[in-house]
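The following report goes through one chain, taking up confidence, packing, charged pairs, aromatic rings and backbone geometry in turn. It is meant to be read with the coordinates open alongside.

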Amino acid sequence: MNRWRRLLIPTLVLLPVLAILAGLGTWQLQRLHWKTDLLARLAIAEASPPLPLSEPPEPYTKVFTEGRFLHDREARLGVELRGTTLGTHLLTPLERPGAAPLLVDRGWVPLEGGQIDRPEGPLRVEGYIRPGESAGLFSATDDTAGRRFYTFDPHAIGAALELPETAPYGLVAMQPAGSPAGAALPQPARHMPRPTNSHLGYVITWYGLALSALGVFIAWARIRLKEPADGSDHDRL
């Protein structure tokens, strides 16, 4: 019995460690299922025709809507390098009859130069729904006076553009299927977003650490139990 008592404190230390590691592995397993389902839905949406925009839309749904661009209130969103050219995304409010203005990411444009197409009048825009974001602790600071933004926050951007009201989501314009990629600006998205799915590696890591910790403990416990109790050699004399 005294030998088993030697394992009491190490066991009490090990149990919460195993619980934490197993919990992290289970959480990543849930994230794996969620991400796999999301990627499957994105693939289906990309292959399907766009649906009429309805309220409230599901994030990353492929939709179309109609309205008129307010080019005098366009802005720039983020920074993106394409090849050797540094660019940004052209963000333009779409005025819609009977609905709040919708911020449309019309596509990539270079920071300097380039002839940008600005169509006038009513038109149809196809793309996918982009949910709004909130600025994080390390997010770049928006230049509201210069209309340069680094966080897609529709309410903040809409206020800076002096729009009375803005939809709480955005629309990323997509190039119609089958149309060739050209040099016209802006250059709309050609595909739906594909977030990385590395959760399986995290699942293996956390569960593997839990099993390794348990294996090391079992090996140590077997050796510890084989050791003579304190004072046993002295009793034999």
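## Surroundings of T151

Leaving aside residues up to four places away in sequence, T151 touches L77, E133, S134, A135, S139, D142 and I157. T151 is found in the loop between β7 (148–149) and α3 (154–160), and with a relative accessible area of 6% this residue is buried. Two of these contacts return below, since E133 takes part in a salt bridge with R130 and I157 is included in the second nonpolar core.

## Confidence

The model is predicted, and the average pLDDT of the protein chain is 89, with 92% of the residues scoring at least 70. Over residues 233–237, however, the pLDDT is below 50, and this stretch has zero contacts in the model beyond near neighbours in sequence.

## Nonpolar cores

The largest nonpolar core has 13 residues, of which L94, L102, V104, V125 and L171 touch the most other members. Two or more residues of this core come from each of the elements β2, β5 (102–110), β6 (123–131) and β8 (169–173). V104 illustrates the packing: not counting residues up to four places away in sequence, V104 touches F69, L90, L91, T92, L94, V125, L171 and A173. A second core of ten residues is separate from the largest one and includes L91, F152, I157 and L163. L91 is therefore a member of the second core, while also appearing among the contacts of V104.

## Salt bridges

How many salt bridges does a search of the whole structure find? The search finds eight, and three of them are set out here with the distance between their closest N and O atoms.

| Salt bridge | Closest N and O atoms |
|---|---|
| E95 with R68 | 2.6 Å |
| R130 with E133 | 3.0 Å |
| E74 with R76 | 3.8 Å |

Because E95 lies in strand β4 (residues 85–95) and R68 in strand β2 (residues 62–69), their salt bridge ties together parts that are 27 residues apart in sequence. Both partners are partly exposed, E95 with a relative accessible area of 36% and R68 with a relative accessible area of 35%.

In the pair of R130 and E133, R130 counts as partly exposed at 22% relative accessibility, and E133, with a relative accessible area of 34%, is partly exposed as well. Elsewhere, salt bridges that share partners join E74, R76 and R118 into one network. Within that network, E74 is buried, its relative accessible area being 12%.

## The annotated segment and its aromatic pair

An unreviewed UniProt entry carries the annotation "transmembrane region" for residues 200–221. In the model, the chain over residues 200–221 is 100% helix and 0% strand, and the C-alpha atoms at its ends are 31 Å apart.

The count of aromatic pairs comes to two. In the pair formed by F217 and W220, the ring centres are 5.9 Å apart and the planes stand at 40 degrees, so the pair is tilted. F217 and W220 are three residues apart in helix α4 (residues 199–226), which means that about one helical turn separates them. Is F217 buried or exposed? F217 is buried, with a relative accessible area of 17%, whereas W220 counts as partly exposed at 35% relative accessibility.

## Backbone geometry

Most residues other than glycine have a negative phi, and most peptide bonds are trans. Against that background, the following places deserve a look in the coordinates.

A cis peptide bond joins E55 and P56, with omega at about -15 degrees, and P56 lies in the loop between β1 (51–52) and β2. Another cis peptide bond joins L185 and P186, with omega at about 0 degrees, and P186 is found in the loop between β8 and α4.

Positive phi values occur at R147 and E162. For R147, which is not a glycine, phi is about 55 degrees; R147 sits in the loop between β6 and β7 and is partly exposed, with a relative accessible area of 28%. For E162, likewise not a glycine, phi is about 60 degrees; E162 is found in the loop between α3 and β8 and counts as exposed at 64% relative accessibility.

Definitions and conventions. Residues are numbered from 1 along each chain as its sequence is written. This is a predicted model: local features need pLDDT of at least 70, side-chain atom pairs count only at pLDDT 80 or more; totals for chains, interfaces and linings use all residues. Side-chain values use heavy atoms; hydrogens and water are left out. Helices (H or I, at least four residues) and strands (E, at least two) are DSSP runs, numbered from the N terminus. Buried means under 20% relative accessible area, exposed over 50%, partly exposed in between (1.4 Å probe, protein chains only). Contact means heavy atoms within 4.5 Å. A salt bridge is a side-chain nitrogen of Lys or Arg within 4 Å of a carboxyl oxygen of Asp or Glu. A nonpolar core is a set of buried Ala, Val, Leu, Ile, Met, Phe, Trp, Tyr and Cys residues joined through side-chain atoms within 4.5 Å. pLDDT is the predictor's confidence in each residue, from 0 to 100. UniProt positions are given in the numbering used here, feature names are shortened, and annotations may be inferred rather than shown by experiment. Rings of Phe, Tyr and Trp (its six-membered ring) pair if their centres lie within 6.5 Å; planes under 30 degrees apart count as stacked, over 60 as edge-to-face and the rest as tilted.
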